[in-house]
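User: Hi! I am new to this structure and would like a close look at a single part of it. Could you take me through one loop and then connect it to what surrounds it?

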Amino acid sequence: MRLNEIYRTYKDKAAIYAVYIREAHPADGWQVHANLDEDIIHDAPVTMEQRCELAGACHDYMKLEVPFLVDDMNNQADEGFIAKPLRLFVLDAEGVVTYVSGQGPANYHLEDWAEAIKYQTDAAAAE
């Protein structure tokens with residue numbers, strides 16, 4: 001999986017995380033056929049513990065190596081970064097956003113994100 005390859009390439013040069021935000025396709029909300037076909041059916045979490053459990057299940061199911069952070073129940077990361085459905089970001093050492101992808105999965109490109117990470121890590125190494 002390309003996301004894991006990018007993570008392995010840069011994990012020693014940059015802090016790379018995936019942030020699990022609110023469940024996009026809860027059983028008690030908007031559901032997609034693919035989830036039904038694959039028996040991925042979860043209600044929207046109502047506690048932080050439930051959200052963390054669901055994040056862990058998602059991480060394992062997708063076989064991700066990138067460590068997950070979990071958004072709080074007030075959805076501060078989701079709303080602050082306008083992260084849904086999927087977004088890729090790069091922040092510099094001061095926390096300034098230097099790259100924002102289009103909304104995924106159709107409008108983000110992992111290669112553009114990888115280039116932004118490379119640029120940022122090269123710039124940090126040059127300082």
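Analyst: Let's start with N75, which sits in the loop between strand 2 and helix 4 (76–81). Helices (H or I, at least four residues) and strands (E, at least two) are DSSP runs here, numbered from the N terminus. This is a predicted model, in which local features need pLDDT of at least 70 and side-chain atom pairs count only at pLDDT 80 or more, while totals for chains, interfaces and linings use all residues. Residues are numbered from 1 along each chain as its sequence is written, and side-chain values use heavy atoms, with hydrogens and water left out.

What stands out about the backbone of N75 is its phi: the value is positive, about 60 degrees, although N75 is not a glycine. Most residues other than glycine have a negative phi. N75 counts as buried, at 10% relative accessibility. Buried means under 20% relative accessible area, exposed over 50%, and partly exposed in between (1.4 Å probe, protein chains only).

Step on to Q76 and you are in helix 4. Q76 is exposed, with a relative accessible area of 53%. Q76 also has a partner from elsewhere in the sequence: I21 is 55 residues away along the chain, yet the two are 9.0 Å apart in space, C-alpha to C-alpha.

For a companion to N75, look at K63, in the loop between helix 3 (48–61) and strand 2 (68–70). K63 is likewise a residue other than glycine with a positive phi, near 55 degrees. K63 counts as exposed at 65% relative accessibility, whereas N75 is buried.

You may also wonder about the cysteines. The structure holds zero disulfides, a disulfide being a pair of cysteine sulfur atoms within 2.5 Å. The sulfur of C52 has its closest cysteine sulfur in C58, but they are 13 Å apart, so this is too far for a bond. Seen from the other side, C58 is in no disulfide either, and its nearest cysteine sulfur is that of C52. C52 is partly exposed at 37% relative accessibility, and C58 is partly exposed too, at 24%.

Finally, a word on confidence, given as pLDDT, the predictor's confidence in each residue from 0 to 100. The mean pLDDT of the protein is 87, and 91% of its residues reach 70 or more. Confidence is highest in helix 1 (residues 2–10), at a mean of 95, and lowest in helix 2 (residues 33–37), at 66.
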